[in-house]
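Colleague: I would love a close look at one part of this model, if you have a moment. Here is what I have open.

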Amino acid sequence: MTWLSVDLELFKSMLKEEWRLHQSFIGRLGSVMFPVFTLVFTIFIAFFGQIVMRNLSVDISIQILHSAAFLYGLFVGALGGMGEQVMTRRLGQVSMLLQLPQQYPISFKRLMGLFFIKDALFYLGYTFLPLTVGLLISSPIIGVGFFEMFMGGATLFLTFMMSMASSFLLSAVYTSNKKGGGMLLLVVSLFGSLVWPVGLIPLGELLPPLGYWSTGNNVSLILSFVYVVSVSVLGVLSIRERYESKVHAYENRLLRDENRFTLIGDLSILLSKEWLELKRSGGLIPVVGGFFGLIMGLYGLISIFERGMGLFLPFNVISYSGFVGFMGVMTYSMITSIEPNNYMNMLPISVEKVVKAKVSIYLILTAVISTGYVLVIGLIRGEASLIPLGLLTSYSTAIYIVAVTAYLTGLWTNTLFFDAKILGKFAILVIPGLTAIEVAAFWIFNSYAFTVILLVCVLMLFVSKPLLDRVGKKWDKQEFSYTPKSGEW
Amino acid sequence: MHIICVDKVSKSFGNVKALREISFHVEEGDFYGLFGPNGAGKTTLLRILTGQLDPDCGEVVVSDVSHRDPLELKSRIGIVPEAETPPTFLTAQETLELVCKIRGIKNIEERIERWIDFFGLEDKRSTLCKDLSKGQRQKVMLASAFIHEPGILFLDEPFINLDPIYQRRVRDYLKRLVEEGRTIFMCTHILEIAEKLCTSVAIINCGVIIKKGSMYEVTGTGALEDEFMKLVGESDMVIR
């Protein structure tokens, strides 16, 4: 076989692998429907966006879309860091084609290069092509030309590729050389801060595909393409061929840390285990940071609507508090994904206890942040009198929503939330209460609204206990090593 | 006295029948070996016997506890599963501490020292399990199963990844347990070791037990490996 035909075979196999990986997460139907959903959603947004967001200028819309494509690319491009995980077998039982260099005479750089191209093409076909088709279909509906719509899809993809290539290079350098990668990240962050929040450089100058919309200059698109190719080649060249996991000695802290959780009773040893796993796996910062980021993102989004777009939303501290609990779903999901619990199969311990330990650690981690968040927002907005009810709302929604999540998904939240039936049940159990709180919060100084919020909070707390108690009945027959398949439930 | 009773147990995974109406019993103090080719149903049977998996039908009683009470069942036995590994982000010592706490063992420090010493893990006690070699992880798994000194041990490929020194050490320990009247149920492909250890055996293929009895009843004067080859070959023709 020639060099090129080997690459072609590998490339085809990688595409199949990516497709099957998606199917294992969201099922065959979900995988097929995702591009269709993207297409329909694009038409929907294009059509209703102009009605709902009358105050939103075209410039801001384009900026928001390109910023979203940029963030998406950053997330996907972090695959440069996968090298270390793959080569030191930190991906657990998942075996991927990327592991081939361990046994076969093929370089890791070459494989990662193919992997990068595969990812770029996959996301082009899976997301940006349906998005562009959606834009073209909605073109006559909203009265924007076909060419502009096509260029919209193209510049969004170019933006995605620019950030994907940058993120790939950064993660590859960081994985090979922590200090060098850290310095590079610092430089990029400082440069980025000149765009926001300093505002010295317009975003369009940093992102040529976005700049195209103000200058109409095709050179910016050619420059973007050159940037993508050169940065991704640099990324591939930065990939190391060998990775070694560093072995450290750790202080044996399980029993000592157990003392911190004695208040939780017979779950204390499991909480100590969860705590150590979070810290040692490097999961603590993403879990806490993710939750903090989400609730700060909510604050930022509302601020953009209120100040940036001049839209008045009758939000107050109670409205924020309701959402704080809701955001915790992601945090609980991350906690359940840190480490498989298969080892527990050999011990006389129930799934219920392990779930309750994870719920407890989630509540401990998020309680401090959500308390601070509600206090600060209450004070900033001059709504100190609403803080006690805000705290009650935040605690009760957090407890209720995590109880619903734990009941519906047990230890397999990340996978089971891809199941439409489970997600539907979750929506039925969560949306009415949350909507009642959010709507009542708009008229918070009305005594009826106050009573409604109080009642919903008490009801949520009241229902949470039996829900958590039923976790055992629902999940105790399941092995810890169980891997749910989408659609099975 | 029957310490393990299995009565007409069946289990399917989708269209695949992993076990078909299996019945047998194990006497207290037996060293019982279960052998079969890959995919014969050994691990499925072991998971059912140890309360990890429910059968579709049939009854399992281990040490007077039904499979319907898996927590009580697991509290009376020790398990070494074939594929699992100790918790990634706990050290070897912490893993044993976790087992002791969950099993309600009192003299934790003493027990842990005994098994750390037995398996020569002194230098590795503070190493995360993810950084241990496969053999060292297997030692932690074995120590986790032995540490509460249960009356029955269920072992799935217990010697895998162990060096010859520790294979012998574990073998001697298991023999001593049986001499003391405890029961061992073991699945392995290493028939030479099994032949030296087991007092009773069963051979399983395609979810059916094709022969069972004392070692002598099954092998006669021949070797276990020869008998295994013959029985599995014959049953393949009949079952498939």
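In which loop of chain B is Asp64(B) found? Please take your time over that residue, and then tell me whatever else you can about the backbone of chain B and its contact with chain A.

Modeller: Happy to. Keep in mind that this is a predicted model. Asp64(B) sits in the loop that runs between strand S4 (57–62) and strand S5 (65–66) of chain B. Its phi is near 65°, which is a positive value in a residue other than glycine. As for its surroundings, Asp64(B) counts as exposed because it has 12 C-beta neighbours inside 10 Å, and 12 or fewer is the cut-off for that class.

Chain B offers another case of this kind. Glu21(B) also has a positive phi without being glycine, with a value near 45°. Glu21(B) belongs to a strand, namely S2 (residues 16–27) of chain B. With 14 other C-beta atoms within 10 Å, Glu21(B) is partly exposed.

Now to the contact between the chains. Chain A brings 24 residues to it and chain B brings 29 residues. On the side of chain A that touches chain B, the elements giving two or more residues are helix H10 (254–258) and helix H11 (268–280) of chain A. H11(A) gives the most to that side, with five residues. By residue class, the side of chain A that touches chain B divides into twelve nonpolar, six polar and six charged residues.

Note on methods
Residues numbered from 1 in each chain as written. Chains lettered and ligands numbered in written order. Predicted model: local features only at pLDDT ≥ 70, side-chain atom pairs only at ≥ 80, totals over all residues. Contact = placed C-beta atoms within 7 Å. Helix = DSSP H or I, 4+ residues; strand = E, 2+ residues; numbered from the N terminus. Nonpolar A, V, L, I, M, F, W, Y, C, P; charged D, E, K, R; others polar. Buried ≥ 20, exposed ≤ 12 C-beta atoms within 10 Å, placed from the backbone.
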